[in-house]
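User: Please give a close, connected account of one part of this structure, beginning with a single buried or exposed position and moving on to the aromatic pairs.

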Amino acid sequence: MKNIIFDLGGVLLNLDVPKTSEAFKALGLTHIDELFRIGFATSFFRDYEMGTISDEQFVEKAQQLTTPGTTKAQVIAAWNDMLLDFPAERVEFLKKLQSKYRIYLFSNTNQIHLLHFHKAYRNVYGSDMDDLFIKAYYSHLIKLRKPDVAAFEYVIKDSGIHAEESLFIDDALVNVEGARKAGLQALHLTDGKTILDLGL
């Protein structure tokens with residue numbers, strides 16, 4: 001194995017999706033769980049991760065589903081509530097892996113989240129998070145999203161790697177299955193496990 005492609009949220013970056021769910025429910029968006037689940041985003045949440053609607057359109061659509069009077073700042077704060085920390089031991093682990101493998105990132109994300117976690121990482125570590133990787137792929141920028149096979153094929157082609165020599169790691173089984181369909185080796189990081197438990 002020569003290459004490792006990491007998912008971000010739930011693998012490298014700690015997530016607490018229920019925090020965002022509860023924050024939106026407090027703003028009156030009671031059916032948030034039907035609209036957004038990791039690996040199964042639907043409606044405008046999926047559109048936003050695909051980069052087909054703007055930040056403003058996303059916030060306005062969410063705002064329309066909340067209690068009248070909810071501000072754009074409240075929507076953005078609720079949306080970012082799920083993003084927690086990037087533990088130092090994982091950062092150090094990735095730096096060690098750089099001497100053994102070519103490391104990439106592939107995340108289903110969006111511009112609001114990207115700006116938030118890049119700023120949070122820089123505040124803690126004083127550097128750009130993307131510097132940990134040969135290249136970082138974000139769904140809203142490449143206009144392709146996991147678990148679609150086409151998304152993985154794009155990453156494989158753009159990076160110039162060979163699928164059979166590459167391992168993809170994700171905490172969502174549906175994404176792992178998509179990666180395997182694209183010819184990648186793939187590993188499902190199950191609850192309670194971290195990348196430090198993988199024996200890489």
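Analyst: Valine 11 is found in the loop that runs from strand E1 (3-6) to helix H1 (17-26); helices (H or I, at least four residues) and strands (E, at least two) are DSSP runs, numbered from the N terminus. The model is predicted, so local features need pLDDT of at least 70 and side-chain atom pairs pLDDT 80 or more, while totals for chains, interfaces and linings use all residues. Residues are numbered from 1 along each chain as its sequence is written, and side-chain values use heavy atoms, leaving out hydrogens and water.

With a relative accessible area of 1%, valine 11 is buried (under 20% relative accessible area; exposed is over 50%, partly exposed in between; 1.4 Å probe, protein chains only). Beyond its neighbours within four places in sequence, valine 11 is in contact (heavy atoms within 4.5 Å) with residues including Phe6, Arg90, Ile169 and Leu189.

Turning to the rings, the whole structure holds 12 aromatic pairs (ring centres of Phe, Tyr and Trp, the last by its six-membered ring, within 6.5 Å; planes under 30 degrees apart are stacked, over 60 edge-to-face, the rest tilted). Phenylalanine 106 and phenylalanine 152 pair edge-to-face, 5.6 Å centre to centre with 85° between the planes. This pair links strand E2 (residues 102-107) to helix H9 (residues 149-159), across 46 residues. Both phenylalanine 106 and phenylalanine 152 are buried. Phenylalanine 152 also pairs edge-to-face with phenylalanine 168, at 5.0 Å and 80°, which joins helix H9 to strand E4 (residues 166-170). Phenylalanine 168 is buried as well.
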